[in-house]
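Please find below some notes on the model you sent. They deal mainly with aromatic contacts and the nonpolar interior.

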Amino acid sequence: MPTPDLPPELWLEILSYLPRTYIYKMMGLNRLLFELAMQDKYEEIRLISDDKNMLNTFEQMRHDNISCLVRRLYLRPAFLPGIDDPEDMEEDDDSSLVTSFSWLNMFSPKDKPHRSTNETARRILIAAANALPKCQNLREIVIIIYDHVITDSFQSFLSGLWQSIGDGIQKLTVATTLTKIPKVLKCISEHARRLPRLESLDLTIVNSRFPVEKDTEATATRTLVNAIQGFKGTLEHLILSSVTTYDFSPLFKRLGTLPKLRNLELWFILCRTTLSNGQALVDFLEANGDSLNELVLKPRPRFETFLFERDTLRDWVLQSFPSATLLPNLKTLDLGHEHISGPWYDPYQSAPSPEPPHLPMLPSFLPQLQSLKLTNPASLRLGAVTHALDMTGSQLSRLQIHVSCFSPELLSLLVTKAPNLTSLYLTYERLVAKDDFPQDLSQGYATTNIYLIIKARRYPKWPLEYLRIGSKKSCGECHPDAYLAATIVETLSREIVVDSSLMCFCDGRFRKPGFYTPGDL
């Protein structure tokens, strides 16, 4: 009699305690593990090289049971010729060349290292063009091209790609240089009708190793405007990021209204070079105020940058942002600007200086604001948290912050200043029983009593429903503190949702995509 298999929930629980690579060692045990391993392997196809392994992958994708697993296509064609490479990429045949060291060839491996040529690049593009149309579940495409030449064959491949699978694409990510923007985005905007379901557009401008001509920025702006406006009928999520000195003011001035735009994310160092006219951004926000639901402003690019100008996002938030007439439907605001200006301060001083303002009175022009995220890597002190809560007018229902110290006093502050809070996502640097710093640092902080102090308190009227709390580690993600969360839940005298899942891979465990989800913030 065959042994009955375990329920899928138990297998997923077992996998959560194992390194991610173990799923491939266990794929022969049953059908569930086999499908999980295949999904993990083929969910994202990465077209980077034109070697034999990539050819084999596209050959396997001709089977329906494999092509249906593909959800994401990552295009970073390293096999394209570089700008400073010779035009003819033919492989030199030096096998017939006889030297005094030719006898050493008998010790070298028979298979030579792969080298990209015009022929291998053409062959991989043909294989990809034949296999990708079968991926009917493909929803996202990422295109990354830096200092490479966009050949005619690659441009034809992109054109054919939109024609064959464009109907299902919902998200498009492009990262390229200013010089390459016209050629890359023109190919996309010309086929905008082939992408009728595109909802998310992510554009990143990176640096180039080569000098940029004077009119390049103006040409790139015109191309960006045409590309974004080409999808204004379906575009709901727009992400703009830059690590260069590109000025976004002309872009915001010419974009106008995007009727379905709900989420806007800006990831660049905001300064006079990148936003010469702050009013242009305010006007763009006002033009899309009726549809805009979430705004993310992060003064740090998602790539390394050498732009050392002073970030002025805090000044824009305090001075220009409040000049917006009204953003009636904006419900989520995510800010990453520095909350402290001026010289470096000592966090261990017994009498810290007053916190300077870092937020305007938000309800005056954001009447529907419900969710506030303050996600700057620098942690907030108690005074900065107090100021942030005062500027929201007690209307928040969701809050995400990173604080320097979590204490019973901070918990009481949240209960008092945010009486309608239903979701809290809080990360901290350390736990302290009191918010004033000890005179003798050698004594450390009174972390052992903080739980007893919190347990002695009761907040039965606080409507909190979701809690995620923990320390922020070097990975940049929250490592939940389950005991602290349970202690806080005890003060509410009722059960709530406690999110204790890890979003990083610090423990090396397997996580099925979509199985662990963060709170709805």
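**Notes on the aromatic contacts and the core**

1. Y246, F248, F252, F268 and F284 come together as one aromatic cluster. The model is a predicted one, and a search of the whole structure gives nine aromatic pairs.

2. One aromatic pair joins F154 and F157; the pair is tilted, with 6.0 Å centre to centre and 40° between the planes. An angle under 30 degrees would count as stacked and one over 60 as edge-to-face, so the pair falls in the remaining class. Both residues belong to helix α7 (residues 152-165), where they are three residues apart, about one turn of the helix. F154 has a relative accessible area of 1% and is therefore buried. F157, at 5%, is buried as well.

3. W316 and F321 make a stacked aromatic pair, 5.0 Å centre to centre and with 20° between the planes. Both W316 and F321 are buried. W316 and F321 also appear among the residues that touch the most other members of the largest nonpolar core.

4. Two charged side chains lie over tyrosine rings. The charged end of K25 is placed over the ring of Y22, at 4.8 Å from the ring centre. R46 sits over the face of Y74, and here the distance to the ring centre is 4.1 Å.

5. The largest nonpolar core has 129 residues. Besides W316 and F321, the members with the most contacts to other members are F58, I141, F406, L426 and W462. A second core, separate from this one, has eight residues, including W11, L12, L36 and A37.

6. Which residues does F406 touch, not counting those up to four places away in sequence? They are L411, L426, Y428, R430, L431, V432, I450, I454, I469, L484 and I488. L426 is thus listed twice in these notes: as a contact of F406, and as one of the residues that touch the most other members of the largest nonpolar core.

7. For the protein as a whole, the secondary structure consists of 16 helices and 15 strands. Of its 521 residues, 47% are buried. Among contacts with a separation of 6 or more, 82% are between residues 24 or more positions apart. The accessible surface is about 26,300 Å², and carbon and sulfur atoms account for 52% of that surface.

Methods: Residues are numbered from 1 along each chain as its sequence is written. This is a predicted model: local features need pLDDT of at least 70, side-chain atom pairs count only at pLDDT 80 or more; totals for chains, interfaces and linings use all residues. Side-chain values use heavy atoms; hydrogens and water are left out. Rings of Phe, Tyr and Trp (its six-membered ring) pair if their centres lie within 6.5 Å; planes under 30 degrees apart count as stacked, over 60 as edge-to-face and the rest as tilted. Helices (H or I, at least four residues) and strands (E, at least two) are DSSP runs, numbered from the N terminus. Buried means under 20% relative accessible area, exposed over 50%, partly exposed in between (1.4 Å probe, protein chains only). A charge sits over a ring if NZ of Lys or CZ of Arg is within 6 Å of the ring centre and within 35 degrees of the ring normal. Contact means heavy atoms within 4.5 Å. Accessible areas come from the Shrake-Rupley method with a 1.4 Å probe; for residues, only the protein chains shown count as cover. A nonpolar core is a set of buried Ala, Val, Leu, Ile, Met, Phe, Trp, Tyr and Cys residues joined through side-chain atoms within 4.5 Å.
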